[in-house]
Structures are given as structure tokens and as C-alpha cells.
Amino acid sequence: MGRPSSVDRAVEAADVTLSADDLAALDAAFPIGVVAGARYPEAYMPSLGR
Amino acid sequence: MTGTDDRMTEAHMETRTLGDGTPVGAIALGAMAFAGFYAGGDDEEGVRAIHRALDLGVTLLDTAEAYGQGRSEGLVGRAVRDRRDRAVIATKASRGGPAYLREAIDRSLGHLGLDHVDLYYLHRVDPEVPIEETMGAMADLVAAGKVRAVGLSEAGPDTIRRAHAVHPVAALQTEYSLFHRDPERDLLPVTRELGIAYVAYSPLSRGLLTGRIRGEDDLDAGDWRRQVPRFQGANLAHNVALLAPLEEMARAKGVSTATLALASFRWWAWAVRRAWTGRSRRPT
């Protein structure tokens, strides 16, 4: 959220309505583990979730 | 959404409550990018972004001493100087232990130009110091009036419980997005059980969920994300391909991919709560 325009896009999210079908579709599209590659450099991973 | 300041009043945004009872806007502003982790960072633009956020009902401003060795804290402090009462200021200590924390809070307050912060996080659990000792030191900072409430960042469930037994943990902050839903397994349940507010960071997966990063060349040479495996080579190509259903749904709703990715959280939280209680009210 580094730019004023990003702030507007983020706050707009509070006005978006999602149906149960929408949520189910997102749930199916983004299950845990679907992303490839660690979220931090590998050497840094041990310092997370400790 | 331009030119709608009058309509988008502070009353417009839903609020959440930190563990100590402090109300905050449901969407917070993270100030890490202002320190140039992703691109150069522009202080004037950062101040304008903070002012815009406060005008739209954001109240929780989240920084850390580690973000540019005080640069981000300094920018946040400057931005709120004439509107301190509208902001809930959170910053973070890089390490634990009484001696470190006593000095770190004074440095952070100096960068911010404030006499207290509303929320002080342990940025990473310090393997050198038992969490009980660090929380005891945090409680001393609360007693001294320098800190209103204490939080943990990237802590595991056992640490959270041990910490909470020494001094109330008002907030837990960890990464959480459509691209990192692991907190649903073990962190969301423990925060709910203990009455701890949950704060998601990198809710757009450091920009991946905006759909605007399609390849490594979209990142500047000095961009920290180039060191992160999920932004590299075949991993990145795989992850960008995952965005298709999100982008399609965003188009159908007439909103940006980023907006939809963020919106999904609020509804997700509702779905998770419903699964736990069986009777939570739908978000309004």
C-alpha cells in the first residue's frame, strides 16, 4: 500500500460482496500448498512461525 | 473512488477490536514498502498515502524499526504529527529480552516523535530469549506508559500460549493471503480461543495477487522479492498461472484483482467463524 492509489483500491475491498459460490470457487482455486516456492529466502525460513 | 472523501467517512469502514479493546479500522496500512523494500520508496508519496488512508477510515498504521532502520517509523511519525488522535500506531522490536527492548522502544519513539505507541510487537520470536522473559519486559514497557498493548509477529501456537500467560497478547500478525492460507490451520484457531486480534500481513502476497507481476523482469534489479523463491523462474510462472480464476472473477465484478483478493478475506473470516460457531452473522 505504498501509493495513494493503492490505498483506494484496498479500501474499496470493504464494499465488495462475495457469494457462497464465489468463496467456494476461491477456496478451490487457492488450496493450502498450491503456490510454488517459499515465501521468504530459504535461509530465512527457520525464523518464521517459531 | 476519487473525489469521494465526504462520502467515505471514518464511520464508513467496519471496525475490529484489538485484544486490549482498542477499536481499529478493518483494513490497516502497512508501512514497510515506504522503506524501499520493493522499489525506491518515496517519502512524500508515503505521507500522502497515509493521509489518504486516514481520510478513508483506516486507523491502524503498522511500521517497524527494521523497515529501513527507522526510516519507515520516521515517515509514519511525520504523517501523523498533526493527526495523532486519528491513528493507532503499531511498531515492532527486532529482538527480544529486557535490555534490548528498553533501548529499542526509546529508539522507535524517537523515530516516530511520539511518547508512546498503541501496539508494540515482537517482530520475530528471539531464539536466544525465552518468550516469558520478553513478555515480562514488554509488561514493564506497558507499566512505564511507553506501550499500550503488546503483539507478536510470526509466532507459533505454543509461543503464543506461553506469551499470553505472562501478559495479554493483543494482536498476532503473520502472513496470510490466498497464496498463504496456512494460518487457517493453527493460528486463527488459537487467536480466536485466546481473544487475540489477528492481523494479516502481505495480504496481496507482496504484490503477486495484484496480477501486475507477470515475470521477474517486472521487478527492479534491487527489489528484495527477487530473492524470494516464489518470485523466481518456473515458480513465478506457476504462481502467475494460478491467478486466472481470480482475475476472471474480478473482471466479472468490475473490480481490480487486488481489490477482490483483499475482499475475499473478510468473507473468508466469516466462513471460518461460521464453521466454528455455526451461527455467525454474514458480513454487512
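Before I show the sheet, one definition: two strands count as paired here if DSSP finds at least two bridges between them. With that in hand, and bearing in mind that what we are looking at is a predicted model, let me start with chain B.

Chain B holds an open sheet of 7 strands, which follow the order β3-β4-β5-β6-β7-β8-β9 and pair in parallel. At its edges lie β3, residues 29-30, and β9, each of which pairs on one side only. As a general reminder, the strands of a sheet pair through backbone hydrogen bonds, and they can do so either parallel or antiparallel. To take one pairing in detail, β5(B) and β6(B) run parallel and are joined by 4 bridges, and B:Ala93 has B:Leu122, in β6(B), as its bridge partner.

Let me turn next to a helix, α5 of chain B, which spans residues 157-166. Which of its residues are buried? They include B:Thr159, B:Ile160 and B:Ala163, and because these three cover an arc of only 100° around the axis, they lie on the same side of α5(B). The general background is that an α-helix has 3.6 residues a turn, so residues three or four places apart point the same way. On the other side of α5(B), B:Asp158 and B:Ala165 are exposed. As for what the buried residues pack against, the partners are the helices α4 (131-143) and α6 (183-194) together with the strands β7 (147-153) and β8 (169-175), which belong to chain B as well.

Now to the charged pairs. A search of the whole structure, over all chains, finds 19 salt bridges, and in general terms side chains of opposite charge can pair when their charged atoms come close. I will go through three of those within chain B.

In one of them, B:Asp118 pairs with B:Arg84, and their closest N and O atoms are 2.9 Å apart. This pair links distant parts of the chain, since B:Asp118 sits in strand β6, residues 117-122, while B:Arg84 sits in the loop between α2 (71-80) and β5 (88-93), 34 residues apart. B:Asp118 counts as buried, because its relative accessibility is 12% and the cut-off for buried is under 20%.

Another salt bridge joins B:Glu247 to B:Arg214, with 2.7 Å between the closest N and O atoms. Here too distant parts of the chain are linked, with B:Glu247 in helix α8 and B:Arg214 in the loop between β9 (197-201) and α7, 33 residues apart. Is each partner buried or partly exposed? B:Glu247, at 16% relative accessibility, counts as buried, whereas B:Arg214, with a relative accessible area of 42%, is partly exposed. There is also a network, in which salt bridges that share partners join A:Asp27, B:Arg181 and B:Glu184.

The third pair is B:Arg16 with B:Glu14, whose closest N and O atoms are 3.2 Å apart. B:Arg16 is partly exposed, with a relative accessible area of 35%, and B:Glu14 is partly exposed as well, at 24%.

That network included a residue of chain A, which brings me to the interface. How many residues of chain A are in contact with chain B? There are 39, and they meet 59 residues of chain B. The area buried between the two chains is about 4700 Å², and carbon and sulfur atoms give 63% of it. On the side of chain A, the residues A:Phe30, A:Arg39 and A:Arg50 supply 17% of the area that this chain buries against chain B, more than any other three residues.

Across this interface the rule finds 5 salt bridges, and one example is the pair of A:Arg39 and B:Glu154, whose side chains meet at 2.9 Å, N to O. Polar contacts between chain A and chain B come to 22 residue pairs. The elements that give two or more residues to the side of chain A that touches chain B are α1 (4-12) and α2 (20-29) of chain A, and of these α1(A) gives the most, with 7 residues.

I will end with one residue at this boundary, B:Leu242, which is found in the loop between α7 (233-241) and α8 (244-253) of chain B. At 15% relative accessibility B:Leu242 counts as buried, and, leaving aside residues up to four places away in sequence, it touches A:Phe30, A:Val34 and A:Val35 from chain A and B:Phe179 from its own chain.

Technical notes. Residues numbered from 1 in each chain as written. Chains lettered and ligands numbered in written order. Predicted model: local features only at pLDDT ≥ 70, side-chain atom pairs only at ≥ 80, totals over all residues. Heavy atoms only, no water. Buried < 20%, exposed > 50% of the residue type's maximum accessible area, 1.4 Å probe, protein only. Contact = heavy atoms within 4.5 Å. Salt bridge = Lys/Arg side-chain N within 4 Å of Asp/Glu carboxyl O. Arc of directions from axis to C-beta. Buried area = accessible area lost by both parts, 1.4 Å probe. Polar contact = N/O pair within 3.5 Å; in protein donor to acceptor, adjacent residues only side chain to side chain.
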